[in-house]
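Me: Could you take me through this structure by way of questions, giving the reasoning before each value or name?

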There are 2 protein chains.
Amino acid sequence: MSGHHPARSRRSAERKGDVRERAILDTCEALLAQKGYDAMTVGDIAQGAGITRGALYFYFGSKHEVVAALVARTVEQLWERSRATAQADEPRRAIAAAMQRTVELWNEHGLVMRTAIDLSLTVPEIGELWDHTADLFITAITAVLERAGIQAGTEPQQASAMARALCWMIERTFYHASQESREKLEEASATCEHIWLTSAGLTT
Amino acid sequence: MSGHHPARSRRSAERKGDVRERAILDTCEALLAQKGYDAMTVGDIAQGAGITRGALYFYFGSKHEVVAALVARTVEQLWERSRATAQADEPRRAIAAAMQRTVELWNEHGLVMRTAIDLSLTVPEIGELWDHTADLFITAITAVLERAGIQAGTEPQQASAMARALCWMIERTFYHASQESREKLEEASATCEHIWLTSAGLTT
DNA sequence: GATAAAAATCGACACCATGTAGACTTTCTG
DNA sequence: CAGAAAGTCTACATGGTGTCGATTTTTATC
């Protein structure tokens with residue numbers, strides 16, 4: 001809109017391709033919601049993004065790469081938010097906060113997160129992304145458990161192993177609940193929080 | 001070989017097709033282990049079973065149907081064994097027994113169970129099979145929790161919801177552990193058992 | 001054990017999605 | 001404005017799925 005400013009503003013740091021690339025990922029996300037991964041064809045994505053299949057392959061080498069990039073984009077947001085969250089807090093409070101944050105994550109990005117989980121096996125790159133994400137959560141949970149007095153260590157009944165199991169519990173429970181409704185998610189969250197608290201020995 | 005017995009033994013209650021069908025499922029299971037679902041082609045399965053693709057389609061309508069039948073075959077074994085297990089027992093003992101049984105299940109059928117989970121989304125028939133299986137487990141866990149004194153009901157902190165979360169925890173934890181090694185599975189089992197016990201209020 | 005129906009098998013084909021290749025057009029850059 | 005880089009297109013090659021009709025084998029029956 002009416003850019004009457006001097007030369008410098010001409011800076012097109014934003015290549016046309018950057019816009020297209022974003023459009024592709026956006027379309028991919030939308031189609032994922034509409035038809036699911038298998039039914040979604042590369043042609044569909046291209047069409048949605050306003051180009052042909054051939055052009056799409058200029059940006060991504062395969063259907064897998066497209067969705068991997070989508071997962072990467074989403075997961076990076078999660079990481080940023082995780083990093084931004086100070087987690088030095090009293091255990092009970094930390095657990096409540098973590099669950100609250102997780103509900104938000106699944107509400108906002110449930111679709112892509114479910115897709116990431118579903119494709120972890122099929123698309124190695126996505127598998128790594130998701131494993132890394134899980135590790136972040138496991139580390140965080142481990143820290144809370146230890147601060148709550150659970151013995152540190154990797155034996156079956158020590159913090160590390162318990163955190164892993166709790167992480168998978170949350171992942172799977174939210175995976176299912178987020179497919180149903182926000183209410184189910186809230187309930188699932190409450191249940192997971194309760195089990196986490198109990199496991200941490202924080203039974204009131 | 002030299003069947004000099006009377007007429008009756010001639011009973012071919014076993015159609016040739018029954019043998020083939022079994023061969024197809026066996027081959028499918030083997031290939032699943034070798035190359036995974038995506039890489040495994042219908043031609044591969046047919047070849048392994050000693051027939052051509054065309055012949056395979058006489059038995060099953062699609063690749064999906066083949067693997068769904070394989071899952072069904074496996075899952076029916078689980079159900080039988082579940083039914084055979086008397087579960088009226090003191091909670092602590094019941095939990096230990098259940099986990100023991102679950103380890104055996106995953107040791108024997110881990111591959112097919114993982115496949116079932118992976119394809120639950122893609123193949124509706126498999127999804128139903130697995131949902132039903134999960135329900136059996138959830139019901140069983142619920143019963144144990146209630147007998148251990150957890151309040152019955154479906155609110156977030158009551159037996160039913162907790163059982164669901166615990167079930168998913170076990171599913172996911174075993175899913176990952178069974179991909180690694182038997183030792184990991186044992187450890188995972190111990191961890192899950194510990195969390196289950198704690199959640200049931202049976203903390204020694 | 002001959003025979004007709006049913007069961008099983010095959011090979012060829014149509015279809016569709018993926019990914020590749022090369023020519024062409026637009027956009028940047030000096 | 002000219003050349004390079006970025007972006008786009010159409011056409012094609014490949015490979016896997018599922019269908020079809022013809023054909024052979026098995027099974028039941030007399």
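Reply: What follows is a set of questions and answers on a predicted model.

Me: How do the residues of the surface near DNA strand D divide into nonpolar, polar and charged, and how many are charged?
Reply: DNA strand D is surrounded by 19 residues, and the closest of these are R20(A), T52(A), Y59(A), T41(B) and R53(B). Sorted by residue type, the surface near the strand holds six nonpolar and six polar residues, and the charged ones number seven.

Me: Which element gives the largest share of the surface near DNA strand D?
Reply: A polar side-chain atom of Y59(A) is placed 2.7 Å from a phosphate oxygen of the strand. The elements that contribute two or more residues to this surface are α1 (16-39) and α3 (53-59) of chain A, along with α3 (53-59) of chain B. The largest share amounts to four residues, and the element that provides it is α3(A).

Me: What percentage of the atoms of DNA strand D within 4 Å of the protein belong to sugar or phosphate?
Reply: On chain B, a backbone N or O atom of V42(B) lies 3.3 Å from a phosphate oxygen of DNA strand D, while a polar side-chain atom of Y57(B) lies 3.0 Å from a phosphate oxygen of that strand. Among the strand atoms within 4 Å of the protein, the remainder belong to bases, and the part that belongs to sugar or phosphate is 67%.

Me: Is R53(B) buried, partly exposed or exposed?
Reply: R53(B), one of the closest residues to DNA strand D, is found in helix α3 of chain B. Leaving out residues up to four places away in sequence, R53(B) touches V42(B), G43(B) and A46(B), and its C-alpha atom is separated by 6.6 Å from that of V42(B), eleven residues apart along the chain. Its relative accessibility is 46%, which lies between the 20% and 50% limits, and R53(B) therefore counts as partly exposed.

Me: Why is the pair of F58(A) and Y59(A) classed as it is?
Reply: Over all chains, a search of the whole structure finds four aromatic pairs. In the pair formed by F58(A) and Y59(A), the ring centres are 5.2 Å apart and the planes stand at 85°. An angle over 60 degrees is what the class requires, so this pair is edge-to-face.

Me: What is the relative accessible area of Y59(B)?
Reply: F58(B) and Y59(B) also form an edge-to-face aromatic pair, with 5.2 Å from centre to centre and 85° between the planes. F58(B) is exposed, with a relative accessible area of 68%. Y59(B), by contrast, is partly exposed, and its relative accessible area is 25%.

Me: Is T115(A) buried or exposed?
Reply: T115(A) lies in helix α5 (residues 91-119) of chain A, where a polar atom of its side chain is 2.8 Å from the backbone oxygen of L111(A). Apart from neighbours within four places in sequence, T115(A) is in contact with L32(A) and V67(A). Its relative accessibility is 9%, and because that is under 20%, T115(A) counts as buried.

Me: Which residue of chain A comes closest to the rotation axis?
Reply: Chain A is superposed on chain B by a rotation of 180° with 0.0 Å of shift along the axis, at an RMSD of 0.0 Å, and that is the relation of a two-fold axis. The same surface serves both copies, as 100% of the contact residues of chain A recur in chain B. Judged by C-alpha position, the residue of chain A that comes closest to the axis, at 1.9 Å, is M169(A).

Definitions and conventions. Residues are numbered from 1 along each chain as its sequence is written. Chains are lettered from A and ligands numbered from 1 in the order in which they are written. This is a predicted model: local features need pLDDT of at least 70, side-chain atom pairs count only at pLDDT 80 or more; totals for chains, interfaces and linings use all residues. Side-chain values use heavy atoms; hydrogens and water are left out. A residue is near a molecule or strand if one of its heavy atoms lies within 4 Å of it. A polar contact is a pair of N or O atoms within 3.5 Å; within protein, one must be able to donate a hydrogen and the other to accept it, and residues adjacent in sequence count only if both atoms are side-chain atoms. Ala, Val, Leu, Ile, Met, Phe, Trp, Tyr, Cys and Pro count as nonpolar, Asp, Glu, Lys and Arg as charged, and the others, Gly among them, as polar. Buried means under 20% relative accessible area, exposed over 50%, partly exposed in between (1.4 Å probe, protein chains only). Contact means heavy atoms within 4.5 Å. Copies are superposed by least squares on the C-alpha atoms of residues with pLDDT of at least 70 in both. Rings of Phe, Tyr and Trp (its six-membered ring) pair if their centres lie within 6.5 Å; planes under 30 degrees apart count as stacked, over 60 as edge-to-face and the rest as tilted.
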